[in-house]
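Reader: I should like to understand how this chain is folded. May we go through the structure step by step?

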Amino acid sequence: MELQAIIVEDEANSREILRNYLNKYCKGVKLLGEAANIEEGITLIQKHQPDLVFLDVEMPFGNAFDLLDKIPDRTFEAIFVTAYNQYAMDALNHHAAYYLMKPINIDELIKAVDYVKAIKEKENALEGQVLKIAHMKAEGKITLPQQDGFQVLEVGDIFFCKADDNYTEIYLEHKKILVSKTLKYFEEALQPHAFARIHKSYLVNVAEVVKYKKGKGGSVILSNGKELSVSASKKAELLSYFQ
């Protein structure tokens, strides 16, 4: 597929380098425009509705996070391109698909574009379709350690798990169980049973997903009506479960 993209970068030289790299090494990317500040970037995005926006972090009269905050229902993917590595966590929290450091490494740029392309292709293929799970459904049992022993639980009864510091909340249809294990522990224990890590805070039973919504990282709606956020970095993994 062809990705329609916009560059938002205040330095003309940096825009030129990125433009040339995209034209030479990233076939299938069509640049719709370039902006030198936040307001110009927002105007271009609203006009063209791109698939992908390359964002510098530090710019005059605001930064990349200000731009993203002003477009809360965005459907494009964001790739940060910056000389400052201290913004990586903020980029993750703002659902950036990728984080590139300047000077741009061509291999990393290709990898970032391919990652976004794979996400968009899968989203387009699933749009308007009834979601069909491509992998096995949750079956089997799991033991939950407790102070006085352990509880045996049917894996299929779990809707999702939520991180709570060093504890995990296990959500069933009508109750919640708090377990003194990290979400990482349950991610490893439930991985063979079609549970997907969709966010730093959520591990979801894919069999209970009834709808996927695009936007930012996106979100899933479960059969019990619960809506959970999907991190951009986890989106490809989640979509791989469906056909």
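Reader: In what sense do strand β1 and β2 pair?
Author: Strands here are DSSP runs of E of at least two residues, and helices are runs of H or I of at least four, numbered from the N terminus. Two strands pair if DSSP finds at least two bridges between them. Strand β1 (residues 3-8) is joined to β2 over six bridges, and the sense is parallel.

Reader: How far may this model be trusted, and how is it numbered?
Author: The model is predicted, so local features need pLDDT of at least 70 and side-chain atom pairs pLDDT 80 or more, whereas totals for chains, interfaces and linings use all residues. Residues are numbered from 1 along each chain as its sequence is written, and side-chain values use heavy atoms, without hydrogens and water.

Reader: Which strands stand at the edges of the sheet, and why is one side of each without a neighbour?
Author: The open sheet has five strands with parallel pairing, in the order β2-β1-β3-β6-β7. One side of each edge strand has no neighbour in the sheet because each has a single partner strand; these strands are β2 (29-35) and β7 (98-101).

Reader: Which residues touch the most other members of the largest nonpolar core?
Author: A nonpolar core is a set of buried (under 20% relative accessible area, 1.4 Å probe, protein chains only) Ala, Val, Leu, Ile, Met, Phe, Trp, Tyr and Cys residues joined through side-chain atoms within 4.5 Å. The largest has 22 residues, and β1, α2 (38-48), β3, α3 (64-69) and β6 (77-82) each supply at least two of them. Those that touch the most other members are Val 8, Leu 55, Leu 67 and Phe 80.

Technical notes: Buried < 20%, exposed > 50% of the residue type's maximum accessible area, 1.4 Å probe, protein only.
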